Amino acid sequence: MSEKAFVPVAKLEEVPPGGKKVVEVNGIGVILVNAKDRIFAVRNLCSHAYETLECGRVRAGWISCPVHGARFDLETGKPLNPPATMPIETYEVRVEGDTIAVAV
Ligand code: FES
């Protein structure tokens, strides 16, 4: 197996501090989030009832699901409160110059 390739998905200026942007990588919906002075990338899919997370609130390192309110750690994807019990998928991010790349 070869290493996962980093795919350029957005410019840094498109995801300002506190902001987020939905992109598609290899057919998978990914949310880029600028929080805690870095960029996180998580799958745009809640692990509870498989709703999208893009309208969720972002605070101190987590994103919340707009449907039933589960919160997920942006770094690990782990659920922080019910009803979700499974993690969401997270992806490695690389910022090169002004370009955000994600390995999905
Ligand atoms: S679909 Fe996200 S918490 Fe239920």
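Okay, one term before we start: a residue counts as exposed when its relative accessible area is over 50%, and as buried when that area is under 20%. Keep that in mind, and keep in mind too that what we're looking at is a predicted model.

So here's a residue to try the term on. Is Lys36 buried or exposed? Its relative accessible area is 59%, so Lys36 is exposed. You'll find Lys36 in the loop between strand 3 and strand 4. There's something else about Lys36: its phi is positive, about 50 degrees, and Lys36 is not a glycine. A bit of background on that: most residues other than glycine have a negative phi. Strand 3 and strand 4 make a hairpin with 2 residues between the strands, and that's where Lys36 takes its positive phi.

Let's follow that hairpin. Strand 3 and strand 4 run antiparallel, joined by 6 bridges. If you want a pair to click on, Leu32 has Ala41 in strand 4 as its bridge partner.

Now go the other way along the chain, to the loop between strand 2 and strand 3, where Asn26 sits. Asn26 isn't a glycine either, and it has a positive phi of about 50 degrees. With a relative accessible area of 62%, Asn26 is exposed. On either side of that loop, strand 2 and strand 3 (residues 28–35) pair in the antiparallel sense over 6 bridges. Val25 is opposite Ile28 in strand 3.

Okay, zooming out. Which order do the strands take in the open sheet of 6 strands? Reading across, it's 1-9-8-4-3-2, and the pairing is antiparallel. Strand 1 (6–11) and strand 2 (20–25) are the edges; each has a single partner strand, so one side of each has no neighbour in the sheet. On average, neighbouring strands here are turned by 30 degrees against each other, ignoring direction.

In the middle of that order, strand 4 pairs with strand 8 in the antiparallel sense, over 2 bridges. There, Val42 has Thr90 in strand 8 as its bridge partner.

One more stop in this sheet: Thr99, which is in strand 9 (residues 99–103). Its side chain makes a polar contact with the side chain of Asp98, at 3.3 Å. And which residues does Thr99 contact once you leave aside its neighbours within four places in sequence? Those are Pro8, Ala10, Lys11 and Arg94.

There's a second sheet to look at. This one is open too, has 3 strands in the order 5-6-7, and is paired antiparallel. Strand 5 (58–59) and strand 7 (71–73) are its edge strands, each pairing on one side only. Strand 6 (residues 62–64) is joined to strand 7 by 3 bridges, and the two run antiparallel. Have a look at Trp62, which stands opposite Asp73 in strand 7.

Right, on to the inside. How many residues are in the largest nonpolar core? There are 15, and the ones that touch the most other members are Val33, Leu53, Ile63, Phe72 and Leu74. Strand 3 and strand 4 (38–43) are the elements that give two or more residues to this core. Strand 3 gives the most, with 3 residues.

Let me pick Ile63 out of that list. Not counting neighbours within four places in sequence, Ile63 is in contact with a string of residues, including Lys20, Ile31, Leu53, Val58, Phe72, Leu74 and Ile88. Apart from this core there's another one, of 13 residues, and among them are Ala10, Val25, Leu32 and Tyr91. We've met some of those already: Val25 was the one opposite Ile28, and Leu32 was the bridge partner of Ala41.

One oddity before I wrap up. What kind of peptide bond joins Pro82 and Pro83? It's a cis one, with omega about 10 degrees. In general, most peptide bonds are trans. Pro83 is in the loop between strand 7 and strand 8 (90–96).

Finally, the record. UniProt lists residues 7–102 as "domain: Rieske", and that comes from an unreviewed entry. In our model, that span is 0% helix and 46% strand, and its end C-alpha atoms lie 5 Å apart.

So if you open the model later, you could start with the hairpin at Lys36, and then go on to the sheet with the order 5-6-7. Thanks, everyone.

Methods:
Residues are numbered from 1 along each chain as its sequence is written. This is a predicted model: local features need pLDDT of at least 70, side-chain atom pairs count only at pLDDT 80 or more; totals for chains, interfaces and linings use all residues. Side-chain values use heavy atoms; hydrogens and water are left out. Two strands pair if DSSP finds at least two bridges between them. Helices (H or I, at least four residues) and strands (E, at least two) are DSSP runs, numbered from the N terminus. Axes are lines fitted to C-alpha atoms, for helices over the stretch in contact, and angles run from 0 to 180 degrees between N-to-C directions. A polar contact is a pair of N or O atoms within 3.5 Å; within protein, one must be able to donate a hydrogen and the other to accept it, and residues adjacent in sequence count only if both atoms are side-chain atoms. Contact means heavy atoms within 4.5 Å. A nonpolar core is a set of buried Ala, Val, Leu, Ile, Met, Phe, Trp, Tyr and Cys residues joined through side-chain atoms within 4.5 Å. Buried means under 20% relative accessible area, exposed over 50%, partly exposed in between (1.4 Å probe, protein chains only). UniProt positions are given in the numbering used here, feature names are shortened, and annotations may be inferred rather than shown by experiment.
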